[in-house]
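Trainee: I should like to go through the reasoning behind the labels in this structure. May we take them one by one?

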Amino acid sequence: MKLVEALEKLSNANGVTGREDEARDLMKEYLKPYVDEVREDKLGNLITFKKGNKDAPTVMLAAHMDEVGLMIKNITKKGFLQFAKIGGIDDRILLAQKVVVHTDKGPLVGVTGSRPPHIQSEAERKKVMEADKLFIDVGARDKKEAEKMGVQVGDVVSFDTKFARLGNSVVFGKAFDDRVGCAMMVETMKRLQKVDCNVYAVGTIQEEVGLRGATIAAFQVAPDVGIVLESTVAGDMPGVKEGEAPAKMGEGPVITVADAGLIAHPKVLRLLMDSAKANKIAYQLETGIRGATDAARIALSREGVPSGIISVPCRYIHSPAAIMDLDDVEKAVKLAVAAIGKVTEYF
Ligand code: CO
């Protein structure tokens, strides 16, 4: 399967934090041909392994399978669904969205409704409609009907976005954070023929609520080096000042120097930058972005694991409609493959 096809299927799949099953099933299927072992741990991380030389270092590649979304917290008497946010979602993008409520009886399409602007006061209209004032309308006449349709407290809700291609090499979709990392991981394992080092390719769970899956996955894998495949904020649009978000779409993968949870290990940083230079892969360096990735937890696992991050610049991240450049994705894969091939020279 081509990289872009895997990305499309992964982006369209549901994997709201805590309910990563659909994304995990795809990852299992896609990784299987390229690894020696596939297993799922007790909490739902997908841990796959490709054997290298016995005494060679062990690399943990990680990409999180979960995505930000919503969770139903109450069904009103009239059948409207009130919800809580899961992960970092900006309230401003929640209004009037088409969503999918994932019930035990199957998916239900709904829309996020609110008090109409026609009856709002001047002051109200100037403010952002807060998430707890919104609700999901699935067309149920009352609570009983909503329940009959399958809705229960705790059901997760994802954005109803279908992956699409725009222009030449640009793609549009939901959950690129971090299904692009998942697709990159599959493609990286596919292209790794014989490598010296031992490689674990791990799809993690519950990253968006505090890097939870990676914490226990890293403990199990006990790697010598950690490389996280991610998406990051592209700041190349109107209203973003120079230096605020330095990554630009179309200018190659981003190598993180530091974020709120990790200072990339100098040796890993060198490994990544040297690999990019040796293979003439354009790359961008990034620091100062709020937020952290699984690398923060992997780095602090056991006695410490030198770790780094390769990410793809992504516009409108954590929204129902993100955009990124396939060219960056391709280069990020090339970089990951090159770096893994050089690990034994550095560790
Ligand atoms: Co992410």
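Trainee: Why is C182 called buried?

Mentor: This is a predicted model, and the label is computed from its atoms. C182 has a relative accessibility of 1%. Buried means under 20%, so C182 counts as buried.

Trainee: How do you know that C182 is in no disulfide?

Mentor: The nearest cysteine sulfur is that of C314, 13 Å away. A disulfide requires two cysteine sulfur atoms within 2.5 Å, so the distance of 13 Å between the sulfurs of C314 and C182 is too far for a bond. By this rule the count comes to 0 disulfides.

Trainee: Is C314 buried or exposed?

Mentor: C314 is buried, because its relative accessible area is 1% and the limit is 20%.

Trainee: Let us turn to the metal. Which residues coordinate the cobalt ion?

Mentor: H64 contributes its NE2 atom, D177 an OD atom and E230 two OE entries, at 1.9 to 2.6 Å. A donor must lie within 2.8 Å of the metal, and the range of 1.9 to 2.6 Å satisfies that cut-off. Along the chain the donors follow the spacing H-x112-D-x52-E.

Trainee: What do D177 and E230 tie together?

Mentor: D177 belongs to helix α5 (residues 176-191) and E230 to strand β13 (residues 225-233), so the pair ties together parts that are 53 residues apart in sequence.

Trainee: What makes the arrangement around the cobalt ion irregular?

Mentor: The 4 donor atoms subtend angles of 52 to 136°. A tetrahedral site would need all angles between 85 and 135 degrees. For a square planar one, opposite donors must be over 155 degrees apart. The range of 52 to 136° fits neither description, so the arrangement is irregular.

Trainee: Why are D177 and E230 both called buried?

Mentor: D177 has a relative accessibility of 10%, and E230 has a relative accessible area of 3%. Both values are under 20%, so both residues count as buried.

Trainee: What is noted about the peptide bond from D177 to D178?

Mentor: That peptide bond is cis, with omega near 10°. D178, like D177, lies in helix α5.

Trainee: Why is A222 called partly exposed?

Mentor: The relative accessible area of A222 is 36%. Buried would require a value under 20% and exposed one over 50%, so A222 is partly exposed. A222 lies in the loop between α6 (212-221) and β13, and its phi is near 45°, a positive value in a residue other than glycine.

Trainee: How do you know that the length of helix α7 agrees with expectation?

Mentor: Helix α7 (residues 266-278) has 13 residues, which at 1.5 Å a residue should span 18 Å; its end C-alpha atoms are 18 Å apart, so the two agree. Just after α7, K280 takes a positive phi of about 55°.

Trainee: What do the buried residues of α7 pack against?

Mentor: The buried residues of α7, including V268, L269 and L271, pack against β13, β14 (254-259), β15 (284-289), β16 and α9 (326-346).

Trainee: Finally, why is A332 called buried?

Mentor: A332, in helix α9, has a relative accessible area of 0%. That value is under 20%, so A332 is buried. Leaving aside its neighbours within four places in sequence, A332 is in contact with M184, P253, I310 and V312.

Methods: Residues are numbered from 1 along each chain as its sequence is written. This is a predicted model: local features need pLDDT of at least 70, side-chain atom pairs count only at pLDDT 80 or more; totals for chains, interfaces and linings use all residues. Side-chain values use heavy atoms; hydrogens and water are left out. Donors are N, O and S atoms within 2.8 Å of the metal (3.2 Å for Na, K and Ca); water is not among the atoms, so sites may look incomplete. Four donors count as tetrahedral if all angles lie between 85 and 135 degrees; four count as square planar and six as octahedral if opposite donors are over 155 degrees apart and all others between 65 and 115; anything else is irregular. Helices (H or I, at least four residues) and strands (E, at least two) are DSSP runs, numbered from the N terminus. Buried means under 20% relative accessible area, exposed over 50%, partly exposed in between (1.4 Å probe, protein chains only). The expected span of a helix is 1.5 Å times one less than its number of residues. Contact means heavy atoms within 4.5 Å.
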